[in-house]
Structures are given as structure tokens and as C-alpha cells.
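Grab a pencil and open the viewer. Below are a few short exercises, each with a solution worked through in steps.

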Amino acid sequence: MRNIQALFAVTLLFISCLFTPVASADDWTLLGSQVVTDRTDMDVIHVGVKEGQFSRIRLDVGNAPVEFKQVVITFGNSTSQTIERDFLVGKRGKGVVFDLKGGQRKIKNVKLVYEAHSPGFKKATVQLFGR
């Protein structure tokens, strides 16, 4: 009887873990992602003002390093913040964190001008996070 009770308790614990949302340790929210090619490219990640307000963004990279040339953040009130500096994020890197001017802001979209530095035909992935 005790074995059945123990098995039942372990099963309940396992099931509750399956349905418990997991929050990341640093509470960043994924706002969108984009695949990057080996040539200089421009893409827009549409966030939408309904996603909430953020005071910082972060650009993470996977599969291949990415060189960012320009980042333009357009806010809910149609004003924008431009980051014009070259920076490279490694192929499994958490990117540079940027503080948004004006504190907590709603983000409409983020325009990225960038280029992957990938050997062969491997494409990089960029993920945009907000906090």
C-alpha cells in the first residue's frame, strides 16, 4: 500500500511540474526572432505595443556570429531610438543589452541592419528579448 501511495505522490509531483510555467532566471521576454544570411541585410521584427512595456532590449545569436551595423527601435508613440555602432555577437552569445531612452516604453518594432559571419551555408538566428 505504501508503494502505491509513494508512486501516486511522485506521479502527481511530475504532472504538476509539466504544467508549471518556467520563468527564466533573468526574466527576459522573447519578442521575436529572425534568420540572418551571409550578406548585409535589413529586417524588421514587429513586436506590437500590446506586448507590454520594456526598459531594455537584448539581441541573442545562434548558429553563427552576427555583426550588427544599426538597430532602430520604434516606440508606441512613433518616436525612435537609433543605435549606430558596429558590434559582433558570437554564435552562441547573449548580445549587448541596450537601455531604452525614456524608461519603460512600448515597442512597435525593431529594425536590424546586420550580416552573419557564417562558414559555409549555415544561417544565423537572432532573437530579440525585452525586459
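**Exercise 1. Find how S1 and strand S10 run relative to each other, and how many bridges join them.**

Keep in mind that you're looking at a predicted model.

- Step 1: Go to strand S10, residues 124-130, and trace its link to S1: seven bridges join the two.
- Step 2: Compare directions, and you'll see that S1 and S10 run antiparallel.
- Step 3: Pick one rung of this ladder. Gln34 has Val126 in S10 as its bridge partner.
- Background: strands in a sheet pair through backbone hydrogen bonds, and the pairing can be parallel or antiparallel.

**Exercise 2. Work out the strand order of the open four-stranded sheet, and say which strands sit at its edges.**

- Step 1: Walk across the sheet. The order reads S1-S10-S4-S8, and the pairing is antiparallel.
- Step 2: Look for strands that pair on one side only: these are S1 (29-36) and S8 (97-99), the edge strands.
- Step 3: Check the twist, which averages 20° from one strand to the next.

**Exercise 3. Write down the secondary-structure pattern of the whole protein.**

- Step 1: Count the elements: you should get one helix and 10 strands.
- Step 2: Put them in sequence order, which gives α-β-β-β-β-β-β-β-β-β-β.
- Step 3: Now ask how far apart in sequence the contacting residues are. Taking contacts between residues at least 6 apart, 78% join residues at least 24 apart.

**Exercise 4. What share of the residues is buried, and how much surface does the protein expose?**

- Step 1: Use the cut-off for buried, which is under 20% relative accessible area. Of the 131 residues, 37% are buried.
- Step 2: Turn to the outside. The protein exposes about 8,200 Å², with 57% of that coming from carbon and sulfur atoms.

**Exercise 5. Two non-glycine residues, Asn63 and Ser78, have a positive phi. Where are they, and are they buried, partly exposed or exposed?**

- Step 1: Start with Asn63, whose phi is about 80°. Asn63 belongs to the loop between strand S4 (56-62) and strand S5 (66-75).
- Step 2: Classify Asn63. Its relative accessibility is 39%, so Asn63 counts as partly exposed.
- Step 3: Move on to Ser78, with phi near 70°. You'll find Ser78 in the loop between S5 and strand S6 (80-83).
- Step 4: Classify Ser78 too. Its relative accessible area is 48%, so Ser78 is partly exposed.

How values were computed
Residues numbered from 1 in each chain as written. Predicted model: local features only at pLDDT ≥ 70, side-chain atom pairs only at ≥ 80, totals over all residues. Heavy atoms only, no water. Buried < 20%, exposed > 50% of the residue type's maximum accessible area, 1.4 Å probe, protein only. Contact = heavy atoms within 4.5 Å. Areas by Shrake-Rupley, 256 points an atom, 1.4 Å probe, with all protein chains shown as cover. Pairing = 2+ DSSP bridges. Axes fitted to C-alpha atoms, helices over the stretch in contact; angles between N-to-C directions.
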